[in-house]
Amino acid sequence: MNIQWDAGKYTADFSFVHQYGSGVMDLIDAGAGAAVLDLGCGNGALTKVLKERGYAAKGLDASEEFLDIARETCPGIEFVRGDATHFSFPEPFDAVFSNAVFHWIEKARQPDMLGCVRAALKEGGQFVFEFGGHGNNRLIHGALAEAFAERGFRYEMPFYFPTIGEYAALLEGAGFSVRYAALFDRLTELKGEDGLKDWIDMFVRTPFSAAGAGQEREAIIDRAAELLRGDLYADGRWHADYVRIRMKAVRL
């Protein structure tokens with residue numbers, strides 16, 4: 001998960017990512033003062049909400065650009081730089097929370113991440129999270145694959161979007177008991193007339209390493225938008241065809 005982010009643009013134009021995440025927190029069942037880790041905290045927006053809900057919140061993220069924003073906008077909260085697949089803390093947490101992070105971690109590294117989470121939790125500690133599930137952005141990735149192929153390139157899916165059954169098995173294998181799981185559609189409005197192009201430019205990076213940059217990249221994105229207009233553009237607004245997986249597990 002080595003992504004170079006435009007943290008300022010993400011914060012300004014893609015705030016819906018963390019706005020939806022506040023609902024995931026409702027799955028946390030812990031008293032005031034409980035220690036909660038926001039894993040992949042980004043700009044700290046949800047870490048701040050955790051604190052406002054009365055938790056002793058701490059954030060961890062791999063991006064120094066995001067952490068700079070988090071430390072500036074969320075005084076009084078500790079933010080630590082670290083890799084979600086390789087981290088540890090001296091004291092265990094009552095809960096680990098994460099939003100819109102795990103689809104960035106390749107399948108082969110998921111057990112490493114889950115092992116770190118388990119080690120970071122107290123016995124009986126809660127693991128609450130949401131990320132892209134099976135079928136997430138199927139239309140967008142399909143259009144990009146077609147646009148790549150038209151120009152002689154192969155589109156490599158850069159994300160991990162599991163089914164509930166697949167991810168529940170990973171959790172159980174890592175020493176968790178699954179208590180809640182849901183997979184659901186979330187058609188999401190994007191900001192601005194170029195909302196879809198901006199979304200692709202922000203979130204789909206690695207496939208373009210094989211297709212070059214500059215005009216080639218722009219041509220592919222333009223073609224994908226053209227292919228998607230009939231499905232994802234309505235009433236003057238672009239949308240993304242999100243599918244989310246939301247789960248709660250407890251450390252055994």
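A residue counts as buried when its relative accessible area is under 20%. By that cut-off Asn137, with a relative accessible area of 2%, is buried. The structure analysed here is a predicted model. Asn137 sits in the loop between β5 and α6. Its backbone is notable for the sign of phi: Asn137 is not a glycine, yet its phi is positive, at about 55 degrees.

Ala100 also has a positive phi, near 60 degrees, and is likewise a residue other than glycine. Ala100 belongs to the loop between β4 and α5. Its relative accessibility is 16%, so Ala100 counts as buried. Most residues other than glycine have a negative phi.

Helix α5 follows, spanning residues 110-120. Its buried residues are Gln110, Met113, Leu114, Cys116, Val117 and Ala120. These residues lie on the same side of α5, because they cover an arc of only 160 degrees around the axis. The buried residues of α5 pack against both strands and a helix. The strands are β1 (35-39), β4 (93-99), β5 (121-132) and β6 (176-189). The helix is α7 (164-173).

The pairing of α5 with α7 can be described further. Their axes come within 9 Å and cross at roughly 50 degrees. That angle makes α5 oblique to α7. The crossing of these two helices is right-handed. On the α5 side, the contact involves Gln110, Met113 and Leu114. On the α7 side, the partners are Tyr167, Leu170 and Leu171. The contact of α5 with α7 comprises five nonpolar residues, one polar residue and no charged residue. Gln110, Met113 and Leu114 are also among the buried residues of α5.

Helix α7 also holds Gly165. Gly165 has 52% relative accessibility and therefore counts as exposed. In sequence, Gly165 and Glu146 are 19 residues apart. In space, their C-alpha atoms are 29 Å apart.

Glu146 takes part in a second helix pair, that of α6 with α9. Helix α6 covers residues 138-150. The axes of α6 and α9 come within 8 Å and cross at roughly 140 degrees. This makes α6 oblique to α9. The cut-off matters here: angles over 145 degrees would count as roughly antiparallel. The crossing of α6 past α9 is right-handed. From α6, the contact draws on Leu139, Ile140, Ala143, Leu144, Glu146, Ala147, Phe148 and Glu150. From α9, it draws on Ile220, Arg223, Ala224, Leu227, Leu228, Asp231 and Leu232. The residues of the contact of α6 with α9 divide into 11 nonpolar and four charged, with no polar residue.

Helix α9, which runs over residues 214-232, also pairs with helix α8, residues 195-203. The axes of α8 and α9 come within 10 Å. They cross at roughly 130 degrees. Helix α8 is thereby oblique to α9. Its crossing past α9 is right-handed. Leu196, Lys197, Ile200 and Asp201 form the α8 side of the contact. The α9 side consists of Arg217, Ile221, Asp222, Ala224, Ala225 and Leu228. Here the contact residues are six nonpolar and four charged, with no polar residue. Ala224 and Leu228 of α9 meet α8, and both also appear in the contact with α6.

Burial in α8 is one-sided as well. The buried residues are Gly195, Leu196, Trp199, Ile200, Met202 and Phe203. They fall on the same side of α8, because their arc around the axis is only 165 degrees. Leu196 and Ile200 are buried, and both meet α9.

Strand β6, one of the elements against which the buried residues of α5 pack, contains Arg179. Arg179 is exposed, with a relative accessible area of 55%. Leaving aside neighbours within four places in sequence, Arg179 is in contact with Lys248, Ala249 and Val250. Arg179 and Gln126 are 53 residues apart in sequence. Their C-alpha to C-alpha distance is 9.6 Å.

Conventions: Residues are numbered from 1 along each chain as its sequence is written. This is a predicted model: local features need pLDDT of at least 70, side-chain atom pairs count only at pLDDT 80 or more; totals for chains, interfaces and linings use all residues. Side-chain values use heavy atoms; hydrogens and water are left out. Buried means under 20% relative accessible area, exposed over 50%, partly exposed in between (1.4 Å probe, protein chains only). Helices (H or I, at least four residues) and strands (E, at least two) are DSSP runs, numbered from the N terminus. The arc is that of the directions from the helix axis to the C-beta atoms. Contact means heavy atoms within 4.5 Å. Axes are lines fitted to C-alpha atoms, for helices over the stretch in contact, and angles run from 0 to 180 degrees between N-to-C directions. Angles under 35 degrees count as roughly parallel, over 145 as roughly antiparallel, 65 to 115 as roughly perpendicular and the rest as oblique. A crossing is left-handed if the near helix is turned anticlockwise from the far one by less than a right angle, and right-handed if clockwise. Ala, Val, Leu, Ile, Met, Phe, Trp, Tyr, Cys and Pro count as nonpolar, Asp, Glu, Lys and Arg as charged, and the others, Gly among them, as polar.
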